[in-house]
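Me: Please take a close look at the aromatic rings in this model. I would like the pairing geometry set out together with the solvent exposure of the residues involved.

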Amino acid sequence: SGSWLYPPPYASPNSIYAKVKQTVATFKANIPPYTKPNEPTSSGITFTPKLEGVTNLTTRDITLKFLDPTTLALIAQFTAKPDASGKLTLPSTLTLETKSYVIVVSAPKHLRKRLTATTSQNTTIALPTLPAGDLNNDNLINSLDWSQMNVNWFTNDPTSDINGDGI
């Protein structure tokens, strides 16, 4: 059964193996940790949302998701109501690098849409109009939405009131 009569050649503190191992350990110990360089960031960004059939946006929650354009990984998101001028402002608690993003725009009872846009300091990004009619928020307008609408036809049930006029 193979037992060593002498220690293996790399066990010696003066062996080439021991010297290489020590050199590698010293080299690793002297490498500073990687720090990502400061990327330019964007603030003061506003968005102009549009919802089909809705004139007063100030009562509607709108969600924006920012995705990496290559991997579609979620980078950031926020939900807010537009201000009196109908614009959404990037919250001060959210910082985005100045670069291109896929932006997914969504609002209850409307189909989601996405666009690609580049964020930069103090810009306004026009968002696409979201089509109305997705009453169950599955991102499809189909017979399921019609079934919900039909049951509530001529009532003031808010679940089917797409434009929020109370009729």
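Reply: What follows is a description of the aromatic pairs and their exposure. The model is predicted, so local features need pLDDT of at least 70 and side-chain atom pairs count only at pLDDT 80 or more, while totals for chains, interfaces and linings use all residues. Residues are numbered from 1 along each chain as its sequence is written, and side-chain values use heavy atoms, with hydrogens and water left out.

A pair of aromatic rings is described by the distance of the centres and the angle of the planes. Rings of Phe, Tyr and Trp (its six-membered ring) are paired here if their centres lie within 6.5 Å, with planes under 30 degrees apart called stacked, over 60 edge-to-face and the rest tilted. By this rule the count comes to 6 aromatic pairs. One of them is edge-to-face and joins Phe 66 to Tyr 101, at 6.0 Å centre to centre and with 80° between the planes. This pair links distant parts of the chain, 35 residues apart, since Phe 66 lies in strand β3 (residues 62-67) and Tyr 101 in strand β7 (residues 100-106); strands are DSSP runs of E, at least two residues long, numbered from the N terminus. Both Phe 66 and Tyr 101 are buried, where buried means under 20% relative accessible area, exposed over 50% and partly exposed in between (1.4 Å probe, protein chains only).

Trp 153 and Phe 154 form another edge-to-face pair, with 5.7 Å centre to centre and 85° between the planes. Trp 153 counts as partly exposed because its relative accessibility is 45%, whereas Phe 154, with a relative accessible area of 79%, is exposed. Ring pairs also link Phe 47, Phe 66, Phe 78 and Tyr 101 into a cluster.

Conventions
Helices (H or I, at least four residues) and strands (E, at least two) are DSSP runs, numbered from the N terminus.
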